[in-house]
Amino acid sequence: MLHTENLTKHFGETTAVEGLNLDVAPGEIYGLVGPDGAGKTTTIRLLVGALHPDGGTIRVAGYEVPRRAEKAREHLGYLPQRFSLYEELTVLENLRFFAEVRGLSAAEWLPRSMEILEFVGLARFSARRAGQLSGGMKQKLGLAAALVHKPRLLLLDEPTTGVDPVTRQDFWQLIIRLVSEEGVAVLVSTPYMDEAARCNRLGFLREGRLLVEGTPTALRRQLEGRILELRGENLRALRSLAEADPLVEHAHLVGDRIHLRVREGGGSAPKAAAQLQKRLAARGGAVTSLLPVAPTLEDVFISLSSE
Ligand SMILES: Nc1ncnc2c1ncn2[C@@H]1O[C@H](COP(=O)(O)OP(=O)(O)O)[C@@H](O)[C@H]1O
Ligand SMILES: [Mg+2]
């Protein structure tokens with residue numbers, strides 16, 4: 001449904017996207033993750049034809065973008081990172097606007113709008129002014145607007161950033177239904193690792209380049225045996241002690257624990273843990289426990305960000 005080859009975009013001296021190859025199949029959720037400024041929004045804006053690439057090719061539902069962007073857009077729904085709706089119009093009037101822009105006829109827009117409002121859970125609020133919706137409801141209206149013409153490819157740019165956890169949960173249930181029941185292809189950028197874990201495949205972007213790509217499980221496997229979980233008192237002091245140890249490549253706080261990444265070639269995880277525990281204690285660290293744990297996606301992304 002989506003295919004890019006060697007996609008490249010510069011802004012003056014800045015390389016926003018460099019040599020990007022992406023493929024997203026029908027029924028697949030592809031997650032684009034990476035730090036701020038990595039090029040996620042630029043990538044998505046190139047895909048919708050809002051920006052002109054400096055090089056490479058894009059195909060959306062078989063249509064070349066930007067040359068056939070009009071045709072591609074018939075199959076594509078887009079929820080921008082900063083979605084704007086008409087605050088003075090009601091929910092239904094907003095949807096009517098997006099439906100008419102998409103070319104739905106007078107006979108089509110109302111039944112389709114009601115169907116889609118039902119789907120996103122806003123049917124009860126169809127007469128409410130958009131300016132009076134909560135942040136999460138606005139995002140759902142944004143999703144409804146992106147879906148009003150039944151696209152086969154949905155592009156979502158950080159759709160749940162700043163939205164409360166319950167609404168994020170609802171939002172993902174909707175995405176999963178679209179994908180599993182209607183075979184929609186989804187490309188979603190997200191800063192949330194719990195959302196990344198829900199994607200079928202992930203691409204990690206940094207400085208415009210795709211550093212790694214794979215299923216969440218495969219990405220976690222790359223750090224298998226290299227993450228230790230440290231518990232103890234005075235976590236900040238413990239973290240400094242741990243980081244100063246030659247066995248430790250990186251240490252970061254995870255709630256009331258510390259995740260340590262052991263250097264490659266640091267031996268088996270249990271052995272490294274035992275060694276390190278002794279050394280930390282010898283230097284006055286108040287260690288409660290130090291044990292090998294399964295790597296999380298957060299561990300993976302921290303590791304990729306600092307390489
Ligand atoms: N319109 C623009 N003009 C100049 N630089 C831009 C523009 N849009 C994005 N950039 C730059 O391109 C890089 C990628 O930005 P962006 O795609 O917004 O990243 P992300 O969405 O991953 O945070 C950043 O360095 C950003 O400052
Ligand atoms: Mg962005």
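This talk goes through a predicted model, from its domains to its helix packing, its ligand shell and two backbone details.

I'll start with the overall layout. The domain assignment splits the protein into domain 1, residues 2-219, and domain 2, residues 223-306. Taken over C-alpha atoms, the centres of the two domains are 37 Å apart. Where they touch, domain 1 contributes 11 residues and domain 2 contributes 6 residues. On the domain 1 side, four elements each supply at least two of those residues: helix 7 (193-196), strand 9 (201-206), strand 10 (209-214) and helix 8 (216-221). What kind of residues does domain 1 put on the side that touches domain 2? By class there are 10 nonpolar, no polar and 1 charged.

Next, three helices that pack on one another in pairs: helix 3, helix 4 and helix 5.

Take helix 3, residues 91-101, and helix 4, residues 106-120. Their axes lie 10 Å apart, at an angle of about 120°. An angle that is neither under 35 degrees, nor over 145, nor from 65 to 115 counts as oblique, and helix 3 and helix 4 are therefore oblique to each other. The crossing of helix 3 over helix 4 is right-handed. From helix 3 the contact uses V91, L92, L95, R96, A99 and E100, and from helix 4 it uses W109, R112, S113 and L117. Sorted by class, that contact has 6 nonpolar, 1 polar and 3 charged residues.

Now helix 4 against helix 5, which is residues 135-147. The angle is about 140° and the axes are again given as 10 Å apart. That angle makes helix 4 oblique to helix 5. This crossing is right-handed. I116, L117 and V120 of helix 4 meet K140, L143, A144 and L147 of helix 5. The classes here are 6 nonpolar, no polar and 1 charged. You can find L117 in the contact with helix 3 and in the contact with helix 5.

The remaining pair is helix 3 and helix 5. How are they oriented, roughly parallel or roughly antiparallel? The angle between them is about 30°, with the axes 9 Å apart. Angles under 35 degrees count as roughly parallel, so helix 3 and helix 5 are roughly parallel to each other. The crossing is right-handed. Helix 3 brings V91, N94, L95 and F98, and helix 5 brings L141, A144 and A145. That gives 6 nonpolar, 1 polar and no charged residues.

On to the ligand. Which residues surround ligand 1? They are F11, T14, A16, G34, D36, G37, A38, G39, K40, T41 and T42. Strand 2 (14-24) and helix 1 (40-47) each supply at least two residues of this shell. Helix 1 gives the most, with 3 residues. By class, the shell divides into 3 nonpolar, 6 polar and 2 charged residues.

Last, two backbone details. A cis peptide bond joins V65 and P66, with omega about 5°. P66 sits in the loop between strand 5 (63-65) and helix 2 (69-73). The other detail is E158, where phi is near 45°, a positive value in a residue other than glycine. E158 is also in a loop, the one between strand 7 (153-157) and helix 6 (165-182).

That is the end of my part.

Conventions:
Residues are numbered from 1 along each chain as its sequence is written. Chains are lettered from A and ligands numbered from 1 in the order in which they are written. This is a predicted model: local features need pLDDT of at least 70, side-chain atom pairs count only at pLDDT 80 or more; totals for chains, interfaces and linings use all residues. A residue is near a molecule or strand if its C-beta atom, placed from the backbone, lies within 6 Å of it. Ala, Val, Leu, Ile, Met, Phe, Trp, Tyr, Cys and Pro count as nonpolar, Asp, Glu, Lys and Arg as charged, and the others, Gly among them, as polar. Axes are lines fitted to C-alpha atoms, for helices over the stretch in contact, and angles run from 0 to 180 degrees between N-to-C directions. A crossing is left-handed if the near helix is turned anticlockwise from the far one by less than a right angle, and right-handed if clockwise. Two residues are in contact if their C-beta atoms, placed from the backbone, lie within 7 Å. Domain bounds come from an automatic or database domain assignment.
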